[in-house]
Amino acid sequence: MSFFKNFLIIILLTANSVIAGNFNDSIPEAPSPFMLINDYAGLLRIDEKNNLEKKVRLFYDSTSTQIAVVIVNNLAGLEPSDYAQQVGQKWGVGQKGKNNGLVILIKPKTEREKGQVFIATG
């Protein structure tokens, strides 16, 4: 009985890591050079994007709180909270050990899907 229980736990943990790894592949790589406003959906005009970038960089410089805005067309099957958390972790938003990062995730509304927004902290 104990062997079966341990075997089942190992299988579930392995499946979970494989599934999580596959979803993590759908999270975009951190931009290089690192930008705080990232519009993968083409929602913002270039002047709007540049203006927002300046404002969040000034905010970061004056407070040390880093805000990353990510706009995507789809969430790759993830909940908005999971997607935003994974972006924050993968990109390293905020300063390590200070939990002062913020990811604002925006998935615009389409004809077939509702729009979604989530703010992840940490």
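In the predicted model, Asn100 is located in the loop that connects α3 with β3 (101-107). The relative accessible area of Asn100 is 10%, so the residue is classed as buried, the cut-off being under 20%. A polar atom of the Asn100 side chain lies 2.6 Å from the backbone nitrogen of Gln95. Beyond residues up to four places away in sequence, Asn100 touches Ser64, Thr65 and Gln66, together with Gly94, Gln95 and Gly122. One of these partners, Ser64, follows helix α2 and has a positive phi, near 70°.

The protein chain contains three helices and four strands, arranged along the sequence as α-β-α-β-α-β-β. Of the 122 residues in the protein chain, 29% are buried. The chain exposes about 8,300 Å², and 58% of this area is supplied by carbon and sulfur atoms. When contacts between residues at least 6 apart in sequence are considered, 59% of them join residues at least 24 apart.

Two of the helices were compared with their expected spans. Helix α2 covers residues 46-63; its 18 residues should span 26 Å at 1.5 Å a residue, and the distance of 26 Å between its end C-alpha atoms therefore agrees. Helix α3 covers residues 80-91 and has 12 residues. From its first C-alpha to its last, α3 reaches 16 Å, close to the expected 16 Å. The residue after α3, Gly92, has a positive phi, near 70°.

The buried residues of α3 are Pro80, Tyr83, Ala84, Gln86, Val87, Gly88 and Trp91. Residues three or four places apart in an α-helix point the same way, because there are 3.6 residues a turn. Such spacing occurs in α3 between the buried residues Pro80 and Tyr83, between Tyr83 and Val87, and between Val87 and Trp91.

Helix α3 also takes part in the largest nonpolar core, which has 14 residues. Within this core, the residues with the most contacts are Val70, Val72, Tyr83, Val87, Val103 and Leu105. Two or more core residues are given by each of β2 (66-71), α3 and β3. The largest share, four residues, comes from α3. A second, separate core has seven residues, among them Leu36, Ile67, Ile71 and Leu102. Nonpolar side chains tend to be buried together in soluble globular proteins.

Leu105, listed among the core residues with the most contacts, has partners in several parts of the sequence. Apart from neighbours within four places, Leu105 is in contact with Val70, Val72 and Leu75, with Pro80, Tyr83 and Ala84, and with Gln116, Val117 and Phe118. One of these partners, Leu75, is placed in the loop between β2 and α3. Leu75 counts as buried because its relative accessible area is 6%. With the same exclusion of neighbours within four places, the contacts of Leu75 are Pro80, Tyr83, Leu105, Lys107 and Gln116.

Gln116 is in strand β4 (residues 116-121). The relative accessibility of Gln116 is 23%, so this residue counts as partly exposed. Outside the four nearest places in sequence, Gln116 is in contact with Leu75, Pro80, Leu105, Ile106 and Lys107. The C-alpha atoms of Leu75 and Gln116 are 9.4 Å apart, with the two positions 41 residues apart in sequence numbering. For Gln116 and Glu79, which are 37 residues apart along the chain, the C-alpha separation is 9.6 Å. Leu75, Leu105 and Gln116 are thus in mutual contact, as the contacts of Leu105 include both Leu75 and Gln116 and those of Leu75 include Gln116.

The count of aromatic pairs comes to one. The pair is formed by Phe34 and Trp91 and is edge-to-face, with 6.2 Å centre to centre and 85° between the planes. Phe34 lies in the loop between α1 (2-25) and β1 (37-39), while Trp91 belongs to helix α3, so the pair ties together parts that are 57 residues apart in sequence. The two partners fall into separate accessibility classes. Phe34 counts as partly exposed at 26% relative accessibility, whereas Trp91 counts as buried at 7%.

Notes:
Residues are numbered from 1 along each chain as its sequence is written. This is a predicted model: local features need pLDDT of at least 70, side-chain atom pairs count only at pLDDT 80 or more; totals for chains, interfaces and linings use all residues. Side-chain values use heavy atoms; hydrogens and water are left out. Buried means under 20% relative accessible area, exposed over 50%, partly exposed in between (1.4 Å probe, protein chains only). Contact means heavy atoms within 4.5 Å. Accessible areas come from the Shrake-Rupley method with a 1.4 Å probe; for residues, only the protein chains shown count as cover. The expected span of a helix is 1.5 Å times one less than its number of residues. Rings of Phe, Tyr and Trp (its six-membered ring) pair if their centres lie within 6.5 Å; planes under 30 degrees apart count as stacked, over 60 as edge-to-face and the rest as tilted. A polar contact is a pair of N or O atoms within 3.5 Å; within protein, one must be able to donate a hydrogen and the other to accept it, and residues adjacent in sequence count only if both atoms are side-chain atoms. A nonpolar core is a set of buried Ala, Val, Leu, Ile, Met, Phe, Trp, Tyr and Cys residues joined through side-chain atoms within 4.5 Å.
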